[in-house]
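Trainee: Could you take me closely through one part of this model, the place where the two chains meet, and keep the account connected from one point to the next?

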Protein chains: 2
Amino acid sequence: MSAAVLSGKELAETIRTETATEAAGLAAAGIPPRLAVVVATADESSAWYVRSIARAAEKAGIVCDVVDLGPAAGARTIRETLTRLSDDPAVHGVILQTPLPGGAALEDLASAIAFEKDVDGANPLSLGRLVAGLPAFAPATAEAVVTILDHYAIELTGRHVAVVGRSTVVGKPAAHLLLDRNATVTVCHSRTADLAAVTSGTDVLVAAVGRAGLITAEHVRPGAIVVDVGTNPTDDGGLTGDVDAGSVADRAGALTPVPGGVGPVTTALLLRHTVHAAARAGEKGSG
Amino acid sequence: MSAAVLSGKELAETIRTETATEAAGLAAAGIPPRLAVVVATADESSAWYVRSIARAAEKAGIVCDVVDLGPAAGARTIRETLTRLSDDPAVHGVILQTPLPGGAALEDLASAIAFEKDVDGANPLSLGRLVAGLPAFAPATAEAVVTILDHYAIELTGRHVAVVGRSTVVGKPAAHLLLDRNATVTVCHSRTADLAAVTSGTDVLVAAVGRAGLITAEHVRPGAIVVDVGTNPTDDGGLTGDVDAGSVADRAGALTPVPGGVGPVTTALLLRHTVHAAARAGEKGSG
């Protein structure tokens, strides 16, 4: 047996194409969608990621401003920059890139992103609105998990899903989105007593820990669906997931690859959110 | 075997006594703690609950204003009232009582409560901050679940807890608080495929559904700890929980009673939150 590969590439392409069409329509109506990415780090993999967002945005007809504050920027400068971009009517989406300079917490600084422009769902207000069932942008990575499962018509209602990892940016919001889709959701983490015992009892396993190869065959129920959110750098400059694909592929029913799974869908959703934010700003402006 | 009774009465009494001492200190310093309860319903059990809060507040030395807008109040009036109370420096805590007039959603209206005064954690911003690990008041009922478990020295780290119910006011925030305490948390609900199969595998069961007697012996692992959040009215004017205590008491290791379990602790925590909000307002005023 070998698990079906749940690629995210074609899905990402579909979302990007739809987004480009919407972006062109908005630009023609005088509202060119604009995304601002605030960077305060010299981290190389972060720079790589920001360039890939900028390229994808341009291709989709979204203006992308990279606002590089440098690794020495203080929390106050970052907050002021986010506030200024939130107040700028020409900007529709604002992202604060991690890692942040020493001591600064994303959750805290992201409060300065207006929630209407918070296209990566980083402001705690967005998270609270999401959990409360009010309109808000979900963190793109968390939404990508559910979007990829939907794309492959994987039923969630009544299914038992294990989310491994409880970060504010992925694990917790993914758990909420899955709960909203009527899944029974178990959140596991580093303090879970017997991880394999818990996860091997579930229909779907979402790995969002950030530890290469943590999830092995013993963690997976035969035939289960496995979503790998991990993007761990390898020595040769590549990426590897939280799932040990070698052993899991023989046991799982289906598995998202890394790279080429959740990652491209995440970027595509960031662009979709930006275009949706621009469309709403346009409605407000004309309303 | 008969389950130990995890009464909330003595714990509530302890919290109220501590709170009364803090309230007296604040009053002596010229900051008499003040709680405003906004009511827009003619519901009788709601009126009973509001009177019990008001009485408990007075006993603890907290001024309690019941702002009765009547059952015909519109969303706009309610929102304006919450904004006015949030702006009033003499008021430290604001609660919006449910049920609300037709069509109004607590999550939406509660956005008008300043999060510093949101002593029952109803504003989505409070919820998001809670989930993100930033300071915020938790919904008192959800916090009461963890507080009562702590009081009886029930270990949560590494234990598997099932939360049955996914409401914004109880189930979801309780799941987060338990996760923060390093429990492995499974959230179950009406669409969970085989509830008993899931819950009977967990160490702790939190029932927060609002359906009398839903949880029976088959849902409980022998020796498990059961926390009953349900407060369902009975025909004779009493209250009964979500747990069928008759059958569960022979199987569980410990069980919170209804009434006299989570309920009194919830009210005591609302008062504690109000005094803490007053203390912080005092620090800000003098800082």
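Mentor: Before counting anything, we should settle a term: a polar contact here is a pair of N or O atoms within 3.5 Å, and within protein one of the two must be able to donate a hydrogen and the other to accept it. Please keep in mind throughout that this is a predicted model. With that rule, the count between chain B and chain A comes to 14 residue pairs in polar contact, both residues of a pair being at pLDDT 80 or more.

As for which parts of chain B take part, the elements that give two or more residues to the side touching chain A are α4 (106–109), α5 (124–132), α7 (171–180) and β6 (184–188) of chain B. Of these, α5(B) gives the most, with seven residues. When the residues on that side of chain B are sorted by character, they divide into 13 nonpolar, 11 polar and seven charged.

The overall extent of the interface can be put in two ways. In terms of residues, 31 of chain B are in contact with 31 of chain A; in terms of area, the two chains bury about 2600 Å² between them, and 60% of this lies on carbon and sulfur atoms.

Charged side chains also meet across the boundary, where the rule finds two salt bridges between chain B and chain A. A:Asp180 forms a salt bridge with B:Lys172, and the closest N and O atoms of this pair are 3.7 Å apart. That separation is within the 4 Å that the rule allows between a side-chain nitrogen of Lys or Arg and a carboxyl oxygen of Asp or Glu.

The backbone contributes a pairing of strands as well, since strand β6 of chain A, residues 184–188, is joined to β6(B) by three bridges, and the two strands run antiparallel. Within this arrangement you can look for A:Val185, which stands opposite B:Val187 in β6(B).

For contrast with the interface, a backbone detail in each chain deserves a look. Phi of A:Ala153 is near 55°, a positive value in a residue other than glycine, and this alanine is placed in the loop between α6 (140–151) and β5 (160–164) of chain A. A:Ala153 counts as exposed because its relative accessibility is 68%. In chain B, phi of B:Ala153 is likewise near 55°, its place being the loop between α6 (140–151) and β5 (160–164) of chain B, and B:Ala153 is exposed with a relative accessible area of 68%.

Terms used: Residues numbered from 1 in each chain as written. Chains lettered and ligands numbered in written order. Predicted model: local features only at pLDDT ≥ 70, side-chain atom pairs only at ≥ 80, totals over all residues. Heavy atoms only, no water. Contact = heavy atoms within 4.5 Å. Buried area = accessible area lost by both parts, 1.4 Å probe. Polar contact = N/O pair within 3.5 Å; in protein donor to acceptor, adjacent residues only side chain to side chain. Helix = DSSP H or I, 4+ residues; strand = E, 2+ residues; numbered from the N terminus. Nonpolar A, V, L, I, M, F, W, Y, C, P; charged D, E, K, R; others polar. Pairing = 2+ DSSP bridges. Buried < 20%, exposed > 50% of the residue type's maximum accessible area, 1.4 Å probe, protein only.
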